[in-house]
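Reader: Could you walk me through reading a structure like this one? I would like to go from a metal site out to the whole chain.

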Amino acid sequence: AKNRGRGRYHFFTEELNKRVQDSISLDKNMRKALENDEYQLHYQPKIDIKSGTIVGAEALIRWVSPTQGSIAPDVFISLAEENGFINELGWWVLQDAIRQHTLWKNKGIDISISINVSAKQLLGDNFIDQFKKLLDDNEVDPGKIDIEITEYLFLQHSEENSKILHELHDYGVKISLDDFGTGYSSLSYLKRFPIDNLKIDKAFIDDYDSKRGSIFVDTIVKMGQTLNMKVIAEGVEHKEQVEYLSKIGCDQYQGYYFSRALNADDFETLFLEQSH
Ligand code: C2E
Ligand code: CA
Ligand code: CA
Ligand code: CA
């Protein structure tokens, strides 16, 4: 116990060192994983609250490593954003989501697909041209594709962002603002940017049954709808939450209450079951 302070210091340096080593090897492995086909998209249903049916799916990336098992995106997406790999990885996500969308459309499963696009990727070289070409080549109806962005996008490059979002929107693609309410930018961007859907962050949905919490959820739903947006609740885990959201007229929800993100086959099975 005498050398506690010093021991702790050693512990921290080792810990830090280990973290640096880990992130270097993660960096390398992440890139290798793309070559080795270790990424998969899973799909979480988006439910229309009035009808209770699946109207869309959000594509969520999974890294299934043969040595480490399934690695959650929270672990590698932020690193990929820092080291620039997100451009390559994000392009793979777009291509794979469009491939799946086309496959489903040809089977009569005509739902919209939501794709998470990081700000860095959206602002990267040629995003719009590549993306439009991908949709054109596959004869995809742009109205069935929904790009999910976060408020971080509005922190910088506001002119350029605005131009890109308007171009996407004019082309017919839908724009969703993800994790709404957790960022720090001002509300004025809701006026300046072409946003079709607002996704209320899970933190607000968790707290729907407190007095303050319900005021936030109510207000966001009203505000979004007044601005002609659809409002989607994220992270819905209980029946009572769905009932509440239905009562206040929220448009859609996602969450474990209905289903987690599923691999494409399981999603398809679930979709076909519920549409009968
Ligand atoms: P997100 O876009 O906010 O996605 C929602 C996350 O909440 C997903 O975690 C989803 O599985 C989880 N979730 C959904 N319903 C519930 C629920 O009822 N309860 C709880 N506790 N969680 C729920 P996931 O798949 O681990 O993704 C985490 C984040 O990683 C995403 O947050 C998104 O920011 C990022 N991400 C995932 N896939 C991609 C991608 O393809 N590209 C980019 N740029 N980011 C991605
Ligand atoms: Ca999302
Ligand atoms: Ca979200
Ligand atoms: Ca999130």
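Reader: Which protein donors does the calcium ion (ligand 4) have, and how far from it do they lie?

Author: Happy to help, and keep in mind that this is a predicted model. For a metal site, start with the donor atoms: N, O and S atoms count within 3.2 Å of Ca. Here the protein donors of the calcium ion (ligand 4) are D179 (OD) and D179 (OD), lying 3.1 Å from it. Water is not among the atoms, so the site may look incomplete.

Reader: Which residue coordinates both the calcium ion (ligand 4) and the calcium ion (ligand 3)?

Author: That is D179, and the two ions are 3.8 Å apart. Along the chain, D179 sits in strand 6, which covers residues 174-180.

Reader: How many helices and strands does the chain have?

Author: There are 11 helices and nine strands.

Reader: Why does the radius of gyration of the chain agree with that of a compact globule?

Author: The idea is to compare the value with one expected from chain length. For 276 residues a compact globule would come near 19 Å, and the chain has 20 Å, so the two agree. Its C-alpha atoms fill a box of roughly 65 × 50 × 45 Å along the principal axes.

Reader: What share of the residues is buried?

Author: Of the 276 residues, 44% count as buried. Contacts add to the picture: among those with a separation of 6 or more, 66% are between residues 24 or more positions apart.

Reader: And where do the charges lie, on average?

Author: The mean positions of the 32 positive and 45 negative charges are 6 Å apart.

How values were computed. Residues are numbered from 1 along each chain as its sequence is written. Chains are lettered from A and ligands numbered from 1 in the order in which they are written. This is a predicted model: local features need pLDDT of at least 70, side-chain atom pairs count only at pLDDT 80 or more; totals for chains, interfaces and linings use all residues. Side-chain values use heavy atoms; hydrogens and water are left out. Helices (H or I, at least four residues) and strands (E, at least two) are DSSP runs, numbered from the N terminus. The radius of gyration is taken over C-alpha atoms; the globule rule is 2.2 Å times the number of residues to the power 0.38. Buried means under 20% relative accessible area, exposed over 50%, partly exposed in between (1.4 Å probe, protein chains only). Contact means heavy atoms within 4.5 Å. Lys and Arg count as positive and Asp and Glu as negative; His and the chain ends are not counted. The place of a charge is taken as NZ of Lys, CZ of Arg, CG of Asp or CD of Glu. Donors are N, O and S atoms within 2.8 Å of the metal (3.2 Å for Na, K and Ca); water is not among the atoms, so sites may look incomplete.
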